[in-house]
Amino acid sequence: MNDIDKANSIAFERLLKAEPQIVGLGMAKEFIPNFGEKMILHAGPPITWERMSGPMIGAITGAILYEGWAETPEKARALASKGEITFEPCHHHNSVGPMAGIISPNLPVWVVEEKNSGRRGYATLNEGLGKVLRMGAFSEEVIERLNWMREVLYPVLRNGVRKYVEDNGGLNLKSLISQSLHMGDELHNRNRAATSLLIRTLVPSLIDAERGNHNLSRVVKFMAGNDHFFLNPGMAAAKASLDSVGYVEGSSMITIMARNGTDFGIQIAGIENEWFTCQAALPDVLLFPGFTKDDVNRDIGDSAIMETYGVGGFALAAAPAIVQFVGGTPQDAVNYTKEMYEICVGENKHFTIPVLNFRGTPTGIDLIKVVETGITPILDTGAAHKEAGKGQVGAGIVRMPSEAFVKAAEAFVEKYSK
Amino acid sequence: MSFKDLLNSGPKVINLGMERFYLDLLEQEVPAVKVNWRPPLAKSSLMDRLRKLRGEEVE
Amino acid sequence: MKKIEVVRGEYYDSVTLMLVAKEIKRINGVVDAVLNMATEANIDIMKAAGFEIKAGFLSPDDLLIGIDYRKDEIDKIFETARSYLASPPWKKKEDDTEYTPGTLEGALAVLRDANLALISLPGRFAAAEAMKALKNGLNVMLYSDNVATEDEIKLKHYADRNDLIVMGPDCGTAVINGKGLGFSNVCPEGPVGIVAASGTGLQEVMVQLSRRGIGVKHGIGTGGRDVKECVGGISFLKGIRELSDDPEISLIIAVGKPPDPEVKERILNSLKKTGKDCVICFMGDDCGKDEDRVHYSAELEECAVVAEAILNGKEVSAARDKLRAEYASLSGWRPIEEVQGKYVRGLFTGGTLCYEAQYIAQSYINPIYSNAPLRKEFKLENSLKPIGHSFIDYGEDEFTQGRLHPMIDPSFRAEQLKEQSEDNSVAVVLFDVVLGYGSAENPSQEVAEAIGAVKREIKPVYVAYVCGTAGDPQDLAKQISLLEDAGVIVCESNARAALLASSLISRRER
């Protein structure tokens with residue numbers, strides 16, 4: 001075994017050992033490290049205001065209105081363009097966000113902790129589908145919902161989770177992911193089972209903590225009505241787990257894949273804190289009625305962390321129902337997963353796929369294998385309308401662009417050649 | 001499997017490239033698999049350096 | 001209007017691209033369609049075809065789609081082309097397509113006891129995949145050409161050290177334990193083993209043996225460059241050694257163009273050491289004198305005749321004499337109709353068949369020009385404009401950049417055949433039709449149609465050889481009768497066809 005393989009083994013084992021759990025909920029500004037006052041976090045690699053795409057511009061507009069930093073969308077955009085707000089990637093603050101991935105100071109976040117390393121991952125509460133902030137919507141309806149989430153949803157959840165953590169030490173997310181893979185989820189575009197399991201796990205503690213609170217039923221209804229509610233803590237779990245790998249000398253394992261609607265970026269375990277970016281893919285997916293190819297925004301969101309973690313599109317074989325979205329057959333779902341094995345370091349004994357004889361999911365993307373085989377990772381994701389606030393236009397399989405991987409390989413070779 | 005073994009036990013083929021060769025093998029009932037091959041993402045100089053790093057160089 | 005589109009970062013093999021181009025050209029209004037990966041050579045080809053290429057930086061991994069469309073809405077045609085690429089219309093809808101591995105390693109997981117990698121990828125990628133195969137303990141048949149000599153040497157040295165063989169580069173044919181790899185004819189199995197540095201050379205010898213009821217157990221291809229000094233005949237010698245060790249093989253045939261002198265020496269010594277009967281057929285070479293168990297022949301059919309005699313316990317010289325007598329009577333044949341013109345034009349799909357034809361015909365007509373001539377001074381300046389007597393190999397590189405090999409797609413050679421037939425100075429047209437695995441479904445049909453469409457008062461005499469066996473998928477009898485119905489004289493070997501065609505002219509010249 002050569003040095004790179006050894007390094008990849010180390011990185012892979014660390015990833016598999018990771019035990020992410022929910023330890024609480026809190027306000028972004030209080031819990032997320034180095035969160036400046038006039039700061040907004042976003043999905044994907046670093047990007048300036050001028051280069052941002054529609055959905056992200058809309059989401060930031062909404063966040064500014066939500067924070068009360070401006071009164072109208074026009075004033076909000078003016079503020080943003082003046083440079084008075086600092087935009088940074090979620091990934092630079094141990095956080096992750098789906099689609100536009102916007103986190104502003106007064107948004108409540110899940111606090112997920114990896115038990116062994118203590119590394120944390122943060123993610124907001126998922127708003128649901130339709131006109132939502134993460135798709136770039138910023139209407140009054142959006143702001144009102146965000147306010148309700150902060151005033152009602154958040155305190156109820158926070159208290160319930162606190163109670164659960166008191167009684168149990170932490171809410172084991174890895175176990176939920178593992179179970180939901182056996183129930184037809186793949187954890188990126190299909191989270192229904194995981195959401196159900198999460199609610200089931202939390203409800204007794206929610207009841208105990210909120211006896212007599214009439215908001216409880218609304219809270220549970222809200223969660224139960226959002227099939228993707230689990231996605232956010234799932235992403236935080238993936239983030240904390242991948243962060244727990246840390247820097248591994250000589251490893252070509254990929255620890256971040258993320259998109260910001262304009263660019264796609266990756267990071268590797270063997271090169272610390274360096275983004276390798278290129279233009280994000282234009283999703284060629286099944287479109288919802290009424291939308292055309294011209295409406296689609298470039299790939300956006302930190303949710304690619306799920307595939308980086310070994311689930312999502314990589315576990316498509318576990319979610320045959322999702323193929324309705326991609327217009328294929330269940331065999332197509334299996335084939336996607338099988339293809340991903342060819343570019344991964346190993347198979348995940350904790351996340352197994354029943355239809356493949358409980359074979360572990362392909363986990364730990366190997367940069368060198370990607371470059372050598374010409375097979376780039378696939379994601380199973382939603383596609384946003386390129387105009388802010390118009391919501392989701394479709395969903396399906398998107399293949400990641402190759403340039404970022406080539407750049408990373410060049411840097412890897414530069415660093416490690418004698 | 002050595003050349004001698006190949007001659008003795010007959011071909012069992014992995015086909016990389018033109019699909020018709022693979023189909024012709026199936027017709028002759030030769031065990032065969034085809035590969036959905038794609039070219040490397042990087043140009044050959046980078047591929048050489050990567051292979052060298054992985055200790056796959058050949059003298 | 002002519003327009004080009006660039007599709008970045010998608011790979012398609014050349015066969016798929018050409019089949020898509022063929023489908024697009026069927027569309028009413030499409031004058032031309034060219035699909036090529038953007039290598040330098042292909043960019044030149046497309047520019048020469050009148051397409052303007054404006055895109056800034058192009059790499060060989062980008063796809064160029066060039067369409068010439070007589071009507072409006074050319075973009076629709078591009079859309080169609082792209083949809084054909086994604087979903088080839090000629091592919092049958094397979095019920096439940098199992099996963100096709102994307103790598104050699106993935107394939108090994110499916111076929112654990114694989115022992116050979118058959119590689120026909122573009123030359124610039126082939127060597128690396130071949131090395132990977134060798135390192136995984138697989139033998140390699142390298143159909144690809146344009147593989148660098150240094151790479152070939154590295155591969156063969158590695159193989160040698162590890163008891164493996166590399167057949168190729170540029171190896172189009174092999175037969176292992178009776179199973180055909182690449183282009184091959186369905187032949188019986190028997191006590192003969194062949195090592196060949198030439199693809200259609202191997203095919204012709206096997207076909208001629210097969211017609212005499214003689215079977216072949218192994219036909220090991222080595223690629224043409226193996227017998228050059230720089231490579232040293234590594235694969236050739238390895239083949240001889242194994243055939244020598246095989247108790248089921250009692251006769252060994254060595255086929256190819258003449259090796260470099262030192263390599264030839266080693267080959268001869270190796271064959272002598274086998275203690276088995278050997279027939280050496282280095283085409284066009286000065287024949288040595290037959291000694292003991294080693295026999296020489298400079299021609300492919302003769303080689304089979306000698307082998308037949310040996311295996312049947314008959315006298316070799318008598319067999320040779322009989323063959324010469326048959327040839328003599330053939331060269332006395334004379335057509336009933338008037339023959340107009342003075343030149344013989346040969347149009348070949350098999351490289352070695354073209355070579356042998358020149359070798360045989362040169363006794364009767366001279367000079368013979370070619371794109372792959374016997375002697376440098378007879379090289380054609382423009383292979384699309386033959387002069388005098390010309391024999392052209394349409395499988396040569398210059399014709400296969402951006403075009404399928406003529407054995408796979410006979411249409412280009414058929415077009416050329418029609419064109420040359422309409423030249424009044426052409427008296428005889430000589431051509432080959434190669435059958436077997438890998439070859440087109442109905443090659444005679446395209447030629448027959450081309451002949452039928454020739455506009456000329458007195459057509460040339462058509463002489464052909466169909467290289468195939470009764471077991472081949474194309475139905476040998478049908479292929480022959482299609483040609484005969486079109487008025488072609490079909491001969492029983494490549495040598496006879498060349499002989500008949502050229503002696504027709506030489507007698508007239510006298």
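Which residues are linked with C:K322 in a network of salt bridges? In this predicted model, the network brings in C:R212, C:E301, C:E308, C:E326 and C:R496 alongside C:K322. The basic idea is simple: side chains of opposite charge can pair when their charged atoms come close. Across all chains, a search of the whole structure turns up 57 salt bridges, and a few from chain C are picked out here.

Within that network, C:K322 pairs up with C:E326, and their closest N and O atoms sit 3.3 Å apart. Both belong to helix 11 (residues 316-331) of chain C, and because they are four residues apart there, about one helical turn separates them. As for surface exposure, C:K322 counts as exposed at 54% relative accessibility, while C:E326, at 29%, counts as partly exposed.

Other pairs reach across the chain. Take C:K132 and C:E105, a salt bridge whose closest N and O atoms are 3.8 Å apart. C:K132 is in helix 5 (residues 123-135) and C:E105 in helix 4 (residues 104-110) of chain C, so this bridge ties together parts 27 residues apart in sequence. The lysine, C:K132, is buried, with a relative accessible area of 16%, whereas C:E105 is partly exposed at 38%.

Then there is C:K156, which forms a salt bridge with C:D226, with 2.7 Å between the closest N and O atoms. Here the link is between distant parts of the chain: C:K156 lies in helix 6 (residues 149-161), C:D226 lies in the loop between strand 10 (216-221) and helix 8 (234-245), and the two are 70 residues apart. Both C:K156 and C:D226 are buried.

Definitions and conventions
Residues are numbered from 1 along each chain as its sequence is written. Chains are lettered from A and ligands numbered from 1 in the order in which they are written. This is a predicted model: local features need pLDDT of at least 70, side-chain atom pairs count only at pLDDT 80 or more; totals for chains, interfaces and linings use all residues. Side-chain values use heavy atoms; hydrogens and water are left out. A salt bridge is a side-chain nitrogen of Lys or Arg within 4 Å of a carboxyl oxygen of Asp or Glu. Buried means under 20% relative accessible area, exposed over 50%, partly exposed in between (1.4 Å probe, protein chains only).
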